[in-house]
Amino acid sequence: MASTKKNPGNLVFGLDIGTRSIVGTVGYKTEDQFHVIAQQVKEHDTRSMLDGQIHDIDRVGRTIADVKDELEKVIDKQLNEVCIAAAGRVLKTITTSAELEFSEETVVDAEHVYTLDMLGVEKAYDEFHEINDTEVKFYCVGYTVVKYYVNDYPIATPEKHKARKISVELIATFLPDDVVDGLYKAVEIADLQVANLTLEPIAAMQAAVPDMYRMLNIALVDVGAGTSDISITRDGSIVAYGMIPKAGDELTETIATALLLDFKMAEHVKTHASSNETIHYEDIMGIAHTIEPNEVKKICDDVVKEMTKDISDKIKELNAGKPVSAVFVVGGGGKFPTFTEYLANELGIISERVALRGKEVLKDIDYQIENPVIDSMFVTPVGICLNFYDQKNNFIFVNFNGKRIKLYDNGHLTIADAAMQAGFPNEGLFPKRGEQLNFTVNGKPHMIRGQMGEPAIVKLNNEEVSLTTPIQAGDKIKVTESTAGEAAYAEIKQLPEFDSSVNVVVNDKNIDLPKFAEVNGELQSGYYSIKSGDDIKMLNYYTVKQIAEFMDVLINTDMNIYVNNKVATLDTLVYENFNVIWSMEKLNLSDVVDAPDDKEDIDFSKYLSNNDSEEETELVAIEEPTNENSSELTSENNAENVEEAPNEETANKEENESADDSSNEMTVFVNNEKITLKGKESYIFVDVFDYIDFNLSKPEGRSVVTKLNGVNAEYAQQLNPLDKLDIYWEK
């Protein structure tokens, strides 16, 4: 009978269903420690599994039942649920990215992050289906976020940051339906229900590579009997998964062929090659033999070299063509004497950086059993148990818009997940924008977005809910597609390039003329409704004829017209602050030289005469210039000069922008060196990496130490002026 200490009630049963053997582990977790109260190992009687794939479901199911029965005897309690892991041989991954833009700067919340993740998973689905040229149906069994970005800057957690754009890099993982069904049927034979399903490389990573090591570029290689699963970490994340279909069975088969042994006896010879003792065996003819461990190594030498070369090539492929800084090896197949040495040679790294991980990573596990076996073979089973506490994985069925669908339950399934699995269009879930306007203003492209429509109507078991509402097995979901908003609409007067009016002086009167624009060659007012494709040119002038039409004045063909005291026509261009005169009489231009400075006090009648001479006289301006540029408007091409002259408002705006850029600078001290941060409204710790020479991809110690004013800091921590930052590798 087990003690109360050994059987607290909340137990986790983890099962590593391997090619050569099945390992069962039962335990429980308290705070940060896992306690193992029972462990059982049983080899398959026949080769009912090959390369991590179940070939004989009944035989595997009976072996699982045997392991379960032995464990129940130890813990004196019935086991009903089990956590399992799928082999990496059938795992497919897609690495992709997605982004979410906002129309204006927005504070990011959990809904935004979830939407971003779903956009990435949806994109991974599309990319996977494009390359999946088989009829096998695959399910997305989960995804791993590699990195988030806020306005293209890497960030640990986007929530509560202000952003115009957030983006994500993630790895989506896929498994064939028949693989999952085979595992489920095998455990059902043993009267067990699956409480959690994970992937073998994830389980191994859970136990062997703690979060604090994942900042480094490390490979974890789980060498089982049929497959070698590979995971890569870098910059705090798991960045890639991979697999090669070679492992311990390759060595066993080589020994069996060389020594004329059955598979079981060859396995015995292989496992004893690590010792220094003479190995005794019997061949299939019944003849007894002995062999030294070094001879076994020679028999397997070529196979180990070939296997480690394939693993090295796969590691480099997953790691952007480069070797990793270190390799952790787990699994029984990796225990062969020359394996780690040859893998180090193939990777071109020192042999001390390729090592078996067993006792080192399991030292924090509390084994409450007699004579526990603590080595690399038991890392994955413990990782399967630990994974249970992070997420509960299972397959469930729900009804979506009248259709029964199967979902992989990762512990936080929502209606959005069901919609995606059912093939409901992603654009049908979220509000759609109306048609946008695309046009040009003074040669520069402009775009105005349409209005947002209504979101999808979502009902769960006849109650209206949101897309992020959690779901459970048997739920009935109904989603009515979202709608599009109104198309974008704008009038010319709403454009920032459009000023309200043009002010001119006509016969000693101030006249405010409404602005016009030329649209596709035709004159339009500020009330014109812009259409897509319009070519708009803002007009900052009128012709004399247009001014007269605006004032409802009929100019007689015999009238004399003057613009800035120069003889003009109805087609002469008139700009802001220009002076216009039309009269039946001619101006006596020679009398204008001593005209008053204030144009409001000018009496133009005294400059008129009855001179009928057709000869034109030299012009002299009667107005004092309104700015520096207007004093130069005395040439034949004064209209062109007005268009080219700098606008005072624009100059002031540029000056203010320059001042704003300068005001956003912040001085901090990094490793006692003064650094000036520029170009952002606010700054966080990670921003300083753009200003210093510190390469995270080339580790020079166990981990990166980041301190702010002497206290350990996160990468997303806010900075203030004159803060003191320390960044260095912990040796």
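Here is a walk through the structure, from the whole chain down to a turn, a helix and the nonpolar cores.

Keep in mind that this is a predicted model. The protein has 731 residues, and 47% of them are buried. Its secondary structure adds up to 14 helices and 43 strands. If you look at contacts with a separation of 6 or more, 63% of them link residues 24 or more positions apart. On the outside, about 37,600 Å² is exposed, with carbon and sulfur atoms supplying 45% of that area.

Let's zoom in on β13, residues 228-234. This strand is mostly covered, with 6 of its 7 residues buried. On one side, β12 (residues 218-223) runs antiparallel to β13, and 6 bridges join the two. The link from β12 to β13 is a hairpin through 4 residues. β14 (237-244) follows after a loop, and β13 pairs with β14 too, again in the antiparallel sense, over 7 bridges. Ile-232 is a handy place to see both pairings: its bridge partner in β12 is Ala-219, while in β14 it stands opposite Ala-240.

Now for the turn itself. The hairpin of β13 and β14 has 2 residues between the strands, and Asp-235 takes a positive phi there, near 55 degrees. Is Asp-235 buried or exposed? Neither, quite: its relative accessibility is 26%, so it counts as partly exposed, given that buried means under 20% and exposed means over 50%. Its C-alpha atom sits 9.4 Å from that of Tyr-213, a residue 22 positions away along the chain.

Further along comes helix α6, residues 263-271, where Phe-263, Ala-266, Glu-267, Val-269 and Lys-270 are buried. These residues lie on the same side of α6, because they cover an arc of only 160 degrees around the axis. What do the buried residues of α6 pack against? Their neighbors are α5 (248-259), β15 (279-282), β16 (288-291) and α7 (293-318). At the start of α6, Asp-262 brings a side-chain oxygen to within 3.3 Å of the backbone nitrogen of Lys-264.

Finally, the cores. In soluble globular proteins, nonpolar side chains tend to be buried together. Here the largest nonpolar core has 167 residues, and Ile-17, Ile-64, Ile-315 and Val-327 have the most contacts inside it. Leaving out residues up to four places away in sequence, Ile-64 touches Leu-15, Ile-17, Ile-22, Ala-186, Val-187, Ala-190 and Leu-192. Another core, of 18 residues, lies apart from the largest one, and includes Val-504, Val-506, Ala-548 and Phe-578.

Terms used:
Residues numbered from 1 in each chain as written. Predicted model: local features only at pLDDT ≥ 70, side-chain atom pairs only at ≥ 80, totals over all residues. Heavy atoms only, no water. Buried < 20%, exposed > 50% of the residue type's maximum accessible area, 1.4 Å probe, protein only. Core = buried A, V, L, I, M, F, W, Y, C linked by side-chain atoms within 4.5 Å. Contact = heavy atoms within 4.5 Å. Arc of directions from axis to C-beta. Polar contact = N/O pair within 3.5 Å; in protein donor to acceptor, adjacent residues only side chain to side chain. Areas by Shrake-Rupley, 256 points an atom, 1.4 Å probe, with all protein chains shown as cover. Pairing = 2+ DSSP bridges.
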